[in-house]
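This report describes the structure shown below, taking up its packing, its charged pairs and its surface in turn.

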Amino acid sequence: MEEMTDKELITVLIDKYTDLQRIKKANKDTPNEELEYQIKTTTAKLSSMGINVEDLTL
């Protein structure tokens with residue numbers, strides 16, 4: 001199995017982050033602790049790679 005490059009990993013994480021943002025928007029005000037946790041961990045991973053997610057947040 002091939003390893004991902006940093007660019008490929010960033011792309012996958014951005015896709016995951018935007019998917020989570022769309023789910024959050026669709027849920028409106030419904031609390032979802034797991035969704036919030038997934039968003040936080042994905043944000044942390046992207047931040048550690050130097051990616052600012054503020055421009056990606058809905």
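## Packing around the helices

T43 touches Y17 and V53, leaving aside residues up to four places away in sequence. The model described here is a predicted one. T43 is found in helix α2, and its side chain reaches the backbone oxygen of I39 at 2.7 Å.

Three of the residues just named, Y17, V53 and I39, belong to the largest nonpolar core. This core has seven residues, and its other members are L13, L20, L35 and L46. The elements that give two or more residues to the core are α1 and α2. As a general tendency, nonpolar side chains in soluble globular proteins are buried together.

T42, also a residue of helix α2, has contacts with L13, K16, Y17 and L20, not counting residues up to four places away in sequence. Is T42 buried or exposed? T42 counts as buried, because its relative accessibility is 0%. With the same exclusion of residues up to four places away in sequence, L13 touches T42, K45, L46 and M49. L13 and L46 are both members of the nonpolar core described above.

The segment after α2 contains T57. Leaving out residues up to four places away in sequence, T57 touches Y17 and Q21. The C-alpha atoms of T57 and Q21 are separated by 6.6 Å, although these residues are 36 residues apart along the chain. T57 counts as partly exposed because its relative accessibility is 39%.

## Salt bridges

How many salt bridges does the structure hold? There are two salt bridges, and they are listed here with the distance between the closest N and O atoms.

| Basic residue | Acidic residue | Closest N and O atoms |
|---|---|---|
| R22 | D19 | 2.3 Å |
| K24 | E36 | 3.4 Å |

In general terms, side chains of opposite charge can pair when their charged atoms come close.

R22 and D19 both lie in helix α1, which covers residues 6–27. They are three residues apart, about one turn of the helix. R22 is partly exposed, with a relative accessible area of 47%, and D19 is likewise partly exposed, at 36%.

For the salt bridge between K24 and E36, the closest N and O atoms are 3.4 Å apart. K24 lies in helix α1 and E36 in helix α2 (residues 33–48), so this pair ties together parts that are twelve residues apart in sequence. K24 is partly exposed, with a relative accessible area of 34%. E36 is also partly exposed, with a relative accessible area of 30%.

## Nonpolar surface

Which residues make the nonpolar surface patch? The patch is made by M4, L9 and V12, and its area is about 250 Å². M4 is placed in the segment before α1. The relative accessible area of M4 is 49%, and M4 is therefore partly exposed.

## Summary

To draw these points together, α1 and α2 are the elements that give two or more residues to the largest nonpolar core. The salt bridge between K24 and E36 also joins these helices, as K24 lies in α1 and E36 in α2. The pair R22 and D19, in contrast, lies within helix α1. From the segment after α2, T57 reaches Y17 and Q21 through contacts.

Key:
Residues numbered from 1 in each chain as written. Predicted model: local features only at pLDDT ≥ 70, side-chain atom pairs only at ≥ 80, totals over all residues. Heavy atoms only, no water. Salt bridge = Lys/Arg side-chain N within 4 Å of Asp/Glu carboxyl O. Helix = DSSP H or I, 4+ residues; strand = E, 2+ residues; numbered from the N terminus. Buried < 20%, exposed > 50% of the residue type's maximum accessible area, 1.4 Å probe, protein only. Contact = heavy atoms within 4.5 Å. Patch = residues over 30% accessible without salt bridge, like charges linked within 9 Å, V, L, I, M, F, W, Y side chains within 5 Å. Areas by Shrake-Rupley, 256 points an atom, 1.4 Å probe, with all protein chains shown as cover. Polar contact = N/O pair within 3.5 Å; in protein donor to acceptor, adjacent residues only side chain to side chain. Core = buried A, V, L, I, M, F, W, Y, C linked by side-chain atoms within 4.5 Å.
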